[in-house]
Amino acid sequence: ANKADPNATNKQGYTPLMLLEQSETDDPEMTLALINHGADVTQKAQDGTDALYYAKEKGKAPSVAILEKYANK
């Protein structure tokens, strides 16, 4: 079976994890699911931002905690 690449990027270099953290609602379960499927927490977009940057910008405390845990592994 073909599996989606959790680190695939759009034209701006955003990954699914970055796009998830840019959304208005916090979804820690989806954040963890993407990480568990191989999403690179530290991957940077073309502008140098990453998923943790967006989670912090949106005030998503639960997802920030998850991202910080996996970024420092």
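# A walk through a four-helix chain

Start at the N terminus and follow the ribbon: the elements run α-α-α-α. In total there are 4 helices and 0 strands. Keep in mind as you look around that this is a predicted model.

**The whole chain**

Zoom out until everything fits on screen. The C-alpha atoms fill a box of roughly 35 × 25 × 25 Å along the principal axes. The radius of gyration is 11 Å, which agrees with the value near 11 Å that a compact globule of 73 residues would have. Now switch on a surface. The accessible area comes to about 4,500 Å², and carbon and sulfur atoms hold 52% of it. As for what is tucked away, 37% of the 73 residues count as buried.

How much of the contact network comes from residues 24 or more positions apart? Among contacts with a separation of 6 or more, such pairs account for 65%. The next stops show a few individual pairs.

**Colour by charge**

Pick out the charged side chains next. You should find 8 positive and 11 negative ones, and the centres of the two sets lie 4 Å apart. Across the whole structure, a search turns up 4 salt bridges. Let's visit some of them.

**Stop one: Lys60 and Glu21**

Select Lys60 and Glu21 and show their side chains. They form a salt bridge, with 3.9 Å between the closest N and O atoms. Lys60 sits in the loop between helix 3 (51-57) and helix 4 (61-71), while Glu21 belongs to helix 1 (residues 16-22), so this pair ties together parts that are 39 residues apart in sequence. Are these two charged residues buried or exposed? Lys60 is buried, with a relative accessible area of 3%, and Glu21 is buried too, at 1%.

**Stop two: Asp50 and Lys44**

Move on to Asp50 and Lys44. Here the closest N and O atoms of the salt bridge are 2.9 Å apart. The two partners fall into separate accessibility classes: Asp50 counts as buried at 13% relative accessibility, whereas Lys44 is partly exposed at 49%.

**Stop three: Glu68 and Lys56**

Now select Glu68 and Lys56. Their salt bridge has its closest N and O atoms 3.5 Å apart. Glu68 is in helix 4 and Lys56 in helix 3, so-called distant parts of the chain, with the two positions 12 residues apart in sequence. Glu68 is partly exposed, with a relative accessible area of 32%, and Lys56 is also partly exposed, at 47%.

**Stop four: Ser63**

Stay in helix 4 and click on Ser63. What relative accessibility does Ser63 have? The value is 0%, and Ser63 counts as buried. To see what surrounds this residue, leave aside the neighbours within four places in sequence: Ser63 is then in contact with Glu21, Asp26, Asp27, Pro28 and Thr31. You have already met Glu21, the salt-bridge partner of Lys60. Try a distance label between the C-alpha atoms of Ser63 and Pro28 as well: they are 4.9 Å apart, although 35 residues separate the two along the chain.

**Last stop: Lys11**

Finish with Lys11, in the segment before helix 1. Lys11 is exposed, with a relative accessible area of 75%. Add Gln46 to your selection: its C-alpha atom is 8.9 Å from that of Lys11, and the two residues are 35 apart along the chain.

Notes: Residues numbered from 1 in each chain as written. Predicted model: local features only at pLDDT ≥ 70, side-chain atom pairs only at ≥ 80, totals over all residues. Heavy atoms only, no water. Rg over C-alpha atoms; globule rule 2.2 N^0.38 Å. Buried < 20%, exposed > 50% of the residue type's maximum accessible area, 1.4 Å probe, protein only. Contact = heavy atoms within 4.5 Å. Areas by Shrake-Rupley, 256 points an atom, 1.4 Å probe, with all protein chains shown as cover. Lys, Arg positive; Asp, Glu negative; His and termini not counted. Charge placed at Lys NZ, Arg CZ, Asp CG, Glu CD.
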